[in-house]
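Here is a short tour of a protein with its ligand. Keep the sequence and the 3D view open side by side as you read.

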Amino acid sequence: MIPFSKAYSTGVEIEYISRALDSGKTSGDGEFTRSAQEWLRTQLHAPHVLLTTSCTHALEMSALLLDIQQGDEVIMPSFTFVSTANAFALHGATPVFVDIDPATQNMSTDAVRAAITEQTKAIIPVHYAGVGCRMDELGALAKNTGIPIVEDNAHGLFGTFNNKPLGTFGALATLSFHDTKNITCGEGGALVINDEAYWERAEIIREKGTNRSRFFRGQVDKYTWVALGSSYVMSEVLTAYLLAQLEHSSTIQQRRTEIWSMYHNGLRAWAEINGVRQPHIPLECNHPAHMYYLILPSLSERQRFIEHTKNNGVQTVFHYLPLHNSDIGKRFGYTTGQFPVTEHIADTLVRLPLHLHLTDDDCTRIIETVCSFEVRHDG
Ligand SMILES: Cc1ncc(COP(=O)(O)O)c(C=O)c1O
């Protein structure tokens, strides 16, 4: 069976991890953390980047930084991973779910505009598959209303919108290094701080509510409890792993792009004949080849497709179950709108394997397997 996902190792990780172990400093904020943060900061042209234990935790840090309170509203797509909502709901906020654009699976600006109330404390665009949301429109909306944007950029490291890196539009942005992502350290994330106003508190919140970072830099002679915070610092063992991957990112990105393009070109004719939709990349966007997905005409055909690829030794998967329909989403979330696009996409989208263990022969086999599936239009 060709697996849907399999973490890739560049071969350098183990050497860097050994160096971290030999250094005798395996907790966070050592040499590897500094190098990885600097690498990301330079790549993104962002003022500040802090590595965190996950993207989920970087989102939780954002909730603390925005001082999210009971009754605050936070606007986000329903078509996303639970962490986007959970991080804010954990602090008493009401996730306000909106529908997505059928072309990109990204939140629709009109739906966001309609969902804004006096209680709105943040807007959370999710750049689905690393294809940027309409950050020109959302940025203008944020500017006019004064509501901060937190980009959930779990998928989109190396993606751009109008040639500007995703993760540099919001006051804050988050990244994921979970092992399903292009660049991984097993579990990990980062918080990008684009608005200087959040920088000082971000360091404190990440360090259990203490000013230990300032102490380490010799800016204070002892450290103490100065705010509410938690333990969001990534250990040096993982930052060593991460740095090895970041330093090999051009090879990783090049191969992922090749695979993505092989699928896109190899499936075009089949998709057209069978009424299957391929990913749409708007002209403003460069995407990081994080995901290759197809949209089938119906739920029953999507399920038959997954069964067909499985029977031919190719694992394909679907996601997300819309948050507005989940038990917890109904209990903590809020919406006045309808979700025709979210519900249709959740029923019909399927993802193909995309990782660096795939050989060209594997990709050919996957394409042949897909092309041997005939969509039934009464399905
Ligand atoms: C859109 C989105 N946000 C957040 C996350 C959470 O990332 P992590 O596993 O690093 O906490 C994910 C995970 O895949 C995701 O897809």
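The report below starts at the ligand, moves to two backbone details and ends with helix packing, all in a predicted model.

## Around the ligand

Let's begin with the shell of protein around the ligand. It holds 16 residues, and those that come nearest are T56, D152, H155, S176 and K181. Sorted by class, the shell has nine polar residues, five nonpolar ones and two charged ones.

Three side chains are worth picking out in your viewer. D152 places a polar side-chain atom 2.7 Å from a nitrogen atom of the ligand. For S176, a polar side-chain atom lies 2.8 Å from an oxygen atom of the ligand. Y320 joins in as well, with an N or O atom of its side chain 3.1 Å from a ligand oxygen atom. How much of the ligand does the protein bury? On its own the ligand exposes 390 Å², and the protein buries 92% of that. Two elements, α3 (55–65) and α4 (82–89), give two or more residues each to the shell.

## Two backbone details

Y320 deserves a second look. This residue sits in the loop between α12 (299–311) and α13 (327–332), and the peptide bond leading into Y320 from H319 is cis, with omega near -25°. The side chain of Y320 is also the one that comes 3.1 Å from an oxygen atom of the ligand.

The other detail is at A129, in the loop between β4 (120–123) and α6 (135–145). A129 is not a glycine, yet its phi is positive, at about 60°.

## Helix α9 and its partners

Which angle do α2 and α9 make where they pack? Helix α2 (residues 31–44) meets helix α9 (residues 236–247) at about 35°, and their axes are 8 Å apart. This crossing is left-handed. From α2, the contact uses E31, F32, T33, S35, A36, W39 and L40, while α9 brings E236, T239, A240, L242, L243, L246 and E247. Eight of these contact residues are nonpolar, three are polar and three are charged.

Helix α1 (residues 13–23) also packs with α9: the axes come within 8 Å and cross at roughly 145°. Here the crossing is right-handed. On the α1 side you will find E13, Y16, I17, A20 and L21, and on the α9 side E236, V237, A240, Y241, L243, A244, Q245 and E247. This contact has nine nonpolar residues, one polar residue and three charged residues. If you compare the two contacts on screen, E236, A240, L243 and E247 of α9 take part in both.

Methods. Residues numbered from 1 in each chain as written. Predicted model: local features only at pLDDT ≥ 70, side-chain atom pairs only at ≥ 80, totals over all residues. Heavy atoms only, no water. Axes fitted to C-alpha atoms, helices over the stretch in contact; angles between N-to-C directions. Helix = DSSP H or I, 4+ residues; strand = E, 2+ residues; numbered from the N terminus. Left-handed = near helix turned anticlockwise from the far one by under 90°. Contact = heavy atoms within 4.5 Å. Nonpolar A, V, L, I, M, F, W, Y, C, P; charged D, E, K, R; others polar. Near = heavy atom within 4 Å. Polar contact = N/O pair within 3.5 Å; in protein donor to acceptor, adjacent residues only side chain to side chain. Areas by Shrake-Rupley, 256 points an atom, 1.4 Å probe, with all protein chains shown as cover.
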